[in-house]
Amino acid sequence: MTTISIPLQLLHEDEFEQWRTAQEEPVRNWAATHGFKAERNKLLLLPGPQGRPIAVIVGLGKYNPREEVSYWIGAGLADRLPDGQYHLASALPARAATQFAAGWGHGQYRFERYKRGGPQRSVQLRLPEGADTSEVERLRSATSLARDLVNTPANDMSPEALAQVAIDVARRHGARHRVIIGEDLLKERFPAVHAVGRAAAVAPRLVDIEWGDASKPKVTLVGKGVCFDTGGLDIKPGASMLLMKKDMGGAAIALALAQTIMDAKLPVRLRVILPMVENSIAGNALRPGDVLGTRKGLTVEVGNTDAEGRLILCDALALADEEQPDLLIDTATLTGAARVALGPELPALYSNDDAAAEEVLRAGTAESDPLWRMPLWPGYDDELSSKIADVNNVSTSGFSGSIIAGLFLRRFVSNARTWLHIDLYAWNNKERPGRPVGAEPHTIRALYAFLKQRYAR
């Protein structure tokens, strides 16, 4: 039996009255009964004689000439439609068609590793004309990878398990890789990574991946991989630990972004540096007041063991900075202060390069994957002063925590031409169409678009 494809008609509020008057009376009455006026994310399913929908009208809200059909329109459909095959009723520009199809894939994501198998759904989209098939699959695969890693609890996503995923990604793309584990971190000059992770049952480690032509521009990604964060001896309250499996979200996003770069064969020489630890409590745990050495040679007084992410990042950034990359990007679920300032949906962007920062912001807006730039305000630099070390890892003031963290990291970046630091949340706290509660791969699409614009013109 041939499956009948159901048309999806995209409709702005401004077009609704013209559409309504062109319909037969039963359809007009059906729209009125459901109060449908093409508001954003509203759907109107038009039933056929057998009760199955013969068409779906998708509300886009008010028309904005500067806004294309977005990723999130597609993402918000897949989980709200009955099983069946669907297609767009009218053509979209190629870019919008790709965005819509990629969003549809995002909306079909489910994390069901720990649930008993239930009925399988089949909601399929016929690829819109003009959509880039490879790009759609590339983005779906990357965002699903990051979401799977962040959603997986720490008992199954230890530093060892996360490192193995990174190795698997590297092998699939023919990338060189090495893993430095446990006491070898001290031998190879990563003392801060070792100090943060040494109290855990699973040894800390650092994964270093290299890919691409050495003659191409050097792009290095660094991601915070704290697979669980108790806060250390400055222990978190129980409620604050509930989401700490996601504290490796920066590493998950950096790895997924690396996968897109390698799959697309962007003309760069890529390096990916992922420090991976659990911030645990034991007799040999890092203590408040300890002074650590770092790869950069700076000494750090530990003002708070719960500011551990910046400690593992500082060694990784110092390694990345040694080869003077053209572009250095670090991603991290670093501070609650960034969430207070910008909320969970808007990652904070810091940079030493105004032009590059503006390019990232534009790319984020175009990809419906926004960021917001924050200042590396030099007036707060003295907040990190220490009486016995070169720098403290926290400020005593309690203000401007995300900026302070960025200023701390900046001390370990001196050779990179352009540095981008992104303080993100990697999680959805509320249910929305296409965005269930759980892991959210913030900035992958924005950064990928930025890298294509910068290097693949």
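**View 1. Arg 339 and Asp 423 meet in a salt bridge.** In this predicted model, the side chains of Arg 339 and Asp 423 come together with 3.3 Å between N and O. Arg 339 belongs to helix α12 (residues 336–342), while Asp 423 sits in strand β17 (residues 418–423), so this pair links parts of the chain that are 84 residues apart in sequence. Are these two partners buried or exposed? Arg 339 is buried, with a relative accessible area of 13%. Asp 423 is buried as well, at 0% relative accessibility.

**View 2. Seven residues are joined into one network of salt bridges.** Here you can look for Arg 178, Glu 188, Asp 208, Glu 210, Arg 269, Arg 271 and Glu 323. Their salt bridges share partners, and that is how the network is joined. For the wider picture, a search of the whole structure finds 30 salt bridges.

**View 3. Arg 121 pairs with Asp 83 in a salt bridge.** The closest N and O atoms of this pair are 3.1 Å apart. Arg 121 is in the loop between α4 and β5 (123–125), and Asp 83 is in the loop between α3 (71–75) and β4 (84–88), so the salt bridge ties together parts that lie 38 residues apart in sequence. How covered are the two partners? Arg 121 counts as partly exposed, at 43% relative accessibility. Asp 83 is also partly exposed, with a relative accessible area of 32%.

**View 4. Glu 367 forms a salt bridge with Arg 95.** In this pair, the closest N and O atoms are 3.0 Å apart. Glu 367 is found in the loop between α13 (354–366) and β15 (372–373), and Arg 95 is in helix α4, so parts that are 272 residues apart in sequence are tied together. Glu 367 counts as buried, at 10% relative accessibility, whereas Arg 95 counts as partly exposed, at 34%.

**View 5. His 106 makes a polar contact with Glu 440.** Start by finding helix α4 (residues 94–107), where His 106 is located. Which side chain does the side chain of His 106 meet in a polar contact? The partner is the side chain of Glu 440, at 3.4 Å. His 106 is buried, with a relative accessible area of 2%. Leaving aside neighbours within four places in sequence, His 106 is in contact with several residues, among them Tyr 71, Trp 72, Ala 75, Thr 143 and Arg 147. Gly 434 and Pro 441 are also among the contacts of His 106.

**View 6. Ser 70 sits in the loop between β3 (53–59) and α3.** Is Ser 70 buried or exposed? Ser 70 counts as buried, at 7% relative accessibility. A polar atom of the Ser 70 side chain lies 3.2 Å from the backbone nitrogen of Trp 72. If we do not count residues up to four places away in sequence, Ser 70 touches Arg 40, Gln 99, Phe 100 and Ser 368.

**View 7. Ile 209 lies in strand β7 (residues 205–211).** Ile 209 is buried, with a relative accessible area of 3%. Beyond its neighbours within four places in sequence, Ile 209 is in contact with a set of residues that includes Ala 166, Ala 170, Ala 175, Arg 176 and His 177. Leu 255, Leu 270, Arg 271 and Val 272 are in contact with Ile 209 too. You can also pick out Ala 258: Ile 209 and Ala 258 are 49 residues apart in sequence and 9.5 Å apart in space, C-alpha to C-alpha.

**View 8. Helix α10 (residues 249–264) is mostly covered.** How many of the 16 residues of α10 are buried? The count is 14. From its first C-alpha to its last, α10 reaches 22 Å, close to the 22 Å expected at 1.5 Å a residue. Just after α10 comes Lys 265, which takes a positive phi of about 55°.

**View 9. Leu 233, Ile 235 and Ile 281 form a nonpolar patch on the surface.** Together, these residues have about 250 Å² of accessible area. Where is Ile 281? Look in the loop between β10 (269–279) and β11 (291–292). Ile 281 is partly exposed, with a relative accessible area of 41%.

Technical notes
Residues numbered from 1 in each chain as written. Predicted model: local features only at pLDDT ≥ 70, side-chain atom pairs only at ≥ 80, totals over all residues. Heavy atoms only, no water. Patch = residues over 30% accessible without salt bridge, like charges linked within 9 Å, V, L, I, M, F, W, Y side chains within 5 Å. Areas by Shrake-Rupley, 256 points an atom, 1.4 Å probe, with all protein chains shown as cover. Salt bridge = Lys/Arg side-chain N within 4 Å of Asp/Glu carboxyl O. Helix = DSSP H or I, 4+ residues; strand = E, 2+ residues; numbered from the N terminus. Buried < 20%, exposed > 50% of the residue type's maximum accessible area, 1.4 Å probe, protein only. Expected span 1.5 Å × (residues − 1). Polar contact = N/O pair within 3.5 Å; in protein donor to acceptor, adjacent residues only side chain to side chain. Contact = heavy atoms within 4.5 Å.
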